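Here is a short note for a colleague who is meeting this structure for the first time. The points are numbered so that each can be checked against the view in turn.

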Amino acid sequence: VVLWNAMVTGYAENGYLLQAREMFDRMPHRSVVSWNVMIGVYAREGYVTAARKMFDCMGEKNMTSWNTMLAGYANSGHLNEAKNFFDKMSVRDLVSWNTMLQAYSKSGTLQEAEMIFRRMPQWDLLSWTSLLMAYAQSGHLQRSKSLFDSMLERDLHVWSSLLNGYSANGDLGNAKQIFDHMPEWNAVVWVSMITAYARFGLTQEAQLMFDRLPERNIVCWNALVEGYVQKGEVQEARRVFD
RNA sequence: UAAACCUUGACUACA
């Protein structure tokens with residue numbers, strides 16, 4: 001059964017939704033995980049209704065089944081369904097709470113996010129990061145900063161969320177400072193920084209950043225080109241593009 | 001048997 005599950009997952013991850021389903025149907029025996037996989041697959045591909053059907057059809061459910069379905073609603077923008085579903089859950093673990101918290105953070109409803117955060121029985125790094133994100137995205141930069149300062153554990157996601165709050169709100173000075181104080185960098189934070197410069201017209205700063213990039217992926221290039229385009233420096237954009 | 005399969009977090013654009 002484990003091997004079958006792995007196969008189904010493998011098909012789905014490579015975009016072969018139909019083959020995944022066919023595999024699932026052909027399985028001689030299905031475990032809870034098999035059903036969970038299919039629910040996740042459908043939800044991720046945007047077929048939330050199909051996912052829900054599977055969820056209702058399956059017999060024994062575990063925590064992951066509920067969380068997968070919840071995430072399906074949350075990540076496809078069905079915030080109300082997510083909330084209803086969440087309220088119906090008789091048992092909620094940290095993942096359930098984090099999923100709901102992130103859904104609210106992403107949707108910019110800061111108050112709901114805070115409410116969830118307060119109601120949670122426990123927190124982990126993801127919970128704190130999500131709240132930080134909620135503050136950052138809604139422009140409450142001082143709050144995100146003090147939250148950051150109170151955090152003992154900080155991984156790249158935490159740094160990146162803080163940085164992105166500054167850059168998205170045009171506080172380039174602080175963004176740069178955070179960037180310079182980071183213990184390590186990856187493509188995401190570079191792009192965040194480049195985008196910020198580009199968006200606010202500092203194309204030469206963006207270019208400088210870009211030149212310092214250790215590794216460049218397509219997203220980095222897009223960010224730089226976009227900056228030139230927005231400023232109307234079409235020939236520069238073209239140069240980069242070529 | 002804390003060994004193999006499933007669920008939650010950061011960046012650009014496009015859609």
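1. Arg-239 and Glu-236 are joined through their side chains in a salt bridge, with a distance of 2.6 Å from N to O, and please keep in mind throughout that this is a predicted model. Both residues belong to helix 16 (residues 234-241), where they stand three residues apart, about one turn of the helix. Arg-239 counts as partly exposed because its relative accessible area is 44%, and Glu-236 is likewise placed in the partly exposed class, because its value is 25%.

2. A second pair within one helix is made by Asp-180 and Lys-176, which form a salt bridge whose closest N and O atoms are 2.9 Å apart. The two residues lie in helix 12 (residues 172-181) and are separated by four residues, again about one turn of the helix. With 41% relative accessibility, Asp-180 is partly exposed, and Lys-176, at 23%, is partly exposed as well.

3. Which parts of the chain does the salt bridge between Glu-114 and Arg-143 link? The side chains of these two residues meet at 3.1 Å, N to O. The pair connects distant parts of the chain, since Glu-114 is in helix 8 (residues 110-119) and Arg-143 is in helix 10 (residues 141-150), 29 residues apart. Glu-114 counts as buried because its relative accessibility is 18%, which falls under the 20% cut-off for that class, whereas Arg-143, at 34%, counts as partly exposed.

4. As background to these pairs, side chains of opposite charge can pair when their charged atoms come close. A search of the whole structure finds ten salt bridges, and the pairs described above, including Glu-114 with Arg-143, are among them.

5. Turning to the RNA, 32 residues lie around RNA strand B, and those that come nearest are Asn-5, Asn-36, Gln-102, Ser-160 and Asn-186. Of the atoms of RNA strand B that come within 4 Å of the protein, sugar and phosphate account for 47%. By kind, the residues of the surface near the strand divide into eleven nonpolar, 18 polar and three charged.

6. Which helices each supply at least two residues of the surface near RNA strand B? They are helix 1 (2-13), helix 3 (32-44), helix 5 (63-75), helix 7 (94-107), helix 9 (125-137), helix 11 (156-168), helix 13 (187-199) and helix 15. Helix 13 gives the most to this surface, with five residues.

7. Several individual contacts deserve a look in the view. A polar side-chain atom of Asn-36 is 2.6 Å from a base oxygen of RNA strand B. The side chain of Thr-68 has an N or O atom that lies 3.0 Å from a sugar or linking oxygen of the strand, and for the side chain of Ser-160 an N or O atom is also placed 3.0 Å from a sugar or linking oxygen of RNA strand B.

8. Finally, a nonpolar patch on the surface is formed by Ile-218, Val-219 and Trp-221, which together have about 290 Å² of accessible area. Trp-221 is found in helix 15 (residues 218-231), and this residue counts as partly exposed because its relative accessibility is 34%. Helix 15 is also one of the helices that supply at least two residues of the surface near RNA strand B.

Notes
Residues are numbered from 1 along each chain as its sequence is written. Chains are lettered from A and ligands numbered from 1 in the order in which they are written. This is a predicted model: local features need pLDDT of at least 70, side-chain atom pairs count only at pLDDT 80 or more; totals for chains, interfaces and linings use all residues. Side-chain values use heavy atoms; hydrogens and water are left out. Patches are made of residues with over 30% relative accessible area and no salt bridge: like charges are joined within 9 Å, nonpolar side chains (Val, Leu, Ile, Met, Phe, Trp, Tyr) within 5 Å. Accessible areas come from the Shrake-Rupley method with a 1.4 Å probe; for residues, only the protein chains shown count as cover. A salt bridge is a side-chain nitrogen of Lys or Arg within 4 Å of a carboxyl oxygen of Asp or Glu. Buried means under 20% relative accessible area, exposed over 50%, partly exposed in between (1.4 Å probe, protein chains only). A residue is near a molecule or strand if one of its heavy atoms lies within 4 Å of it. A polar contact is a pair of N or O atoms within 3.5 Å; within protein, one must be able to donate a hydrogen and the other to accept it, and residues adjacent in sequence count only if both atoms are side-chain atoms. Ala, Val, Leu, Ile, Met, Phe, Trp, Tyr, Cys and Pro count as nonpolar, Asp, Glu, Lys and Arg as charged, and the others, Gly among them, as polar.
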